[in-house]
Amino acid sequence: MTSERVHPYLQGAANPRVIAHRGLVNAELAAAGIAENTRAAFEAATNAGADILETDCHLTRDGTVVLAHDPDLTRVAGDPRKIAEVDRAELERAFAERGGLLTLERALEEFPEARWNIDVKAAAVAAPLGRIVAPHAHRVLVTSFSERWRRSALGAAREAGCAILPATSPGRGALIRLLLGLATERAAGSRRGVARALQGLDALQIPERHGRIRVLTPRLVEAAHAHGVEVHVWTVNDPGRMRELVAMGVDGVVTDRTDVAIAALSRG
């Protein structure tokens with residue numbers, strides 16, 4: 001892969017990268033009631049050897065950015081309320097026995113050596129998230145399915161005065177433009193569309209497929225690497241498939257099983 005523009009987030013880390021999807025909750029931790037995206041889950045992922053900690057953020061009723069994937073608490077805490085309807089103190093109590101709630105500020109403070117992969121999950125959280133990560137931009141990647149939310153978070157980080165912007169991975173719209181660029185490149189013989197689609201990106205964090213559409217292809221990996229962009233595939237828990245993806249040239253796997261990935265990729 002070309003080294004013309006490598007963000008500090010991607011410098012010096014092991015390759016292939018093991019990216020802990022919402023931390024690590026193995027069978028033992030699950031039996032103890034530990035939930036994903038909690039302090040205990042990220043401690044487990046770190047202890048297992050994760051290179052990057054992947055998480056998601058929502059905004060509470062009292063304006064706190066917290067680590068959580070779903071917009072409500074039904075799945076992880078049996079509470080149907082939306083996070084946006086709950087104060088931080090209530091969430092602290094709800095997660096006290098489930099691994100410990102982490103605000104984004106606490107996560108960055110309590111895991112000071114960790115690289116964080118942060119998904120913006122709501123419009124309201126984008127700007128405060130960007131301001132919080134600004135001092136830590138060298139070890140943070142910001143992404144979102146929404147291009148608008150992703151750009152809003154990056155814009156807030158810029159306004160907060162960070163020396164460099166956080167690393168970033170595209171939303172759905174930008175990824176579609178890349179796939180269209182790859183398709184038309186073959187027909188028209190021009191690579192300008194692909195170059196434009198990859199401009200400003202540091203990684204492509206993608207599934208292998210989206211419905212009937214194959215997203216991950218050797219051509220996509222080749223194009224990304226030619227422009228200094230890494231390819232990370234989610235969510236991969238089968239050790240054999242992890243090895244196949246790395247053999248294809250994939251730079252990282254996003255996995256629920258950091259422990260399995262470390263062993264499968266001969267990192268332990």
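A strand is a DSSP run of E of at least two residues, numbered from the N terminus. The legends below describe close-up views of a predicted model.

**Figure 1. Residue T168 and its surroundings in strand β8.**
T168 belongs to strand β8, which covers residues 167–168. With a relative accessibility of 3%, T168 counts as buried, because buried means under 20% relative accessible area. The side chain of T168 is joined to the side chain of R150 by a polar contact of 2.9 Å. Leaving aside residues up to four places away in sequence, T168 touches L141, V142, R150, L154, G200, L201, D202 and A203. R150 is therefore a residue that T168 touches as well as its partner in the polar contact.

**Figure 2. The salt bridge between R17 and E230.**
R17 and E230 form a salt bridge in which the closest N and O atoms are 2.5 Å apart. R17 lies in strand β1 (residues 17–21), whereas E230 lies in strand β12 (residues 230–234), so the pair ties together parts that are 213 residues apart in sequence. Both ends of this bridge are buried: R17 has a relative accessibility of 3%, and E230 has a relative accessible area of 2%.

**Figure 3. Polar contacts of the side chain of R17.**
This view stays with R17, which is found in strand β1. The side chain of R17 makes a polar contact of 2.5 Å with the side chain of E230. A polar atom of the R17 side chain also lies 3.0 Å from the backbone oxygen of A14. The side chain of R17 is thus shown with a side-chain partner, E230, and with a backbone atom, the oxygen of A14.

**Figure 4. The salt bridge between E36 and R22.**
In the salt bridge of E36 with R22, the closest N and O atoms are 3.1 Å apart. E36 is placed in the loop between α1 (27–31) and α2 (39–48), and R22 in the loop between β1 and α1, so this pair ties together parts that are 14 residues apart in sequence. E36 is buried, with a relative accessible area of 19%. R22 is likewise buried, and its relative accessible area is 14%.

**Figure 5. The salt bridge between D119 and K121, and a salt-bridge network.**
The side chains of D119 and K121 meet in a salt bridge, with 3.4 Å from N to O. D119 is buried at a relative accessible area of 10%, and K121 is buried at 18%. Elsewhere, R61, D79, R81, D87 and E90 are joined into one network by salt bridges that share partners. The structure as a whole holds 19 salt bridges, among them the bridge between D119 and K121.

**Figure 6. The packing of helices α6 and α7.**
Two packed helices are described by the angle between their axes and by the distance between those axes. Helix α6 comprises residues 123–133 and helix α7 comprises residues 147–159; their axes come within 6 Å and cross at roughly 30°. This angle makes α6 roughly parallel to α7, because angles under 35 degrees count as roughly parallel. The crossing in which α6 passes α7 is right-handed. On the α6 side, the residues that meet α7 are A123, A126, A127, L129, G130 and R131. On the α7 side, their counterparts are R148, W149, S152, A153, A156 and A157.

Technical notes. Residues numbered from 1 in each chain as written. Predicted model: local features only at pLDDT ≥ 70, side-chain atom pairs only at ≥ 80, totals over all residues. Heavy atoms only, no water. Salt bridge = Lys/Arg side-chain N within 4 Å of Asp/Glu carboxyl O. Helix = DSSP H or I, 4+ residues; strand = E, 2+ residues; numbered from the N terminus. Buried < 20%, exposed > 50% of the residue type's maximum accessible area, 1.4 Å probe, protein only. Polar contact = N/O pair within 3.5 Å; in protein donor to acceptor, adjacent residues only side chain to side chain. Axes fitted to C-alpha atoms, helices over the stretch in contact; angles between N-to-C directions. Parallel < 35°, antiparallel > 145°, perpendicular 65-115°, else oblique. Left-handed = near helix turned anticlockwise from the far one by under 90°. Contact = heavy atoms within 4.5 Å.
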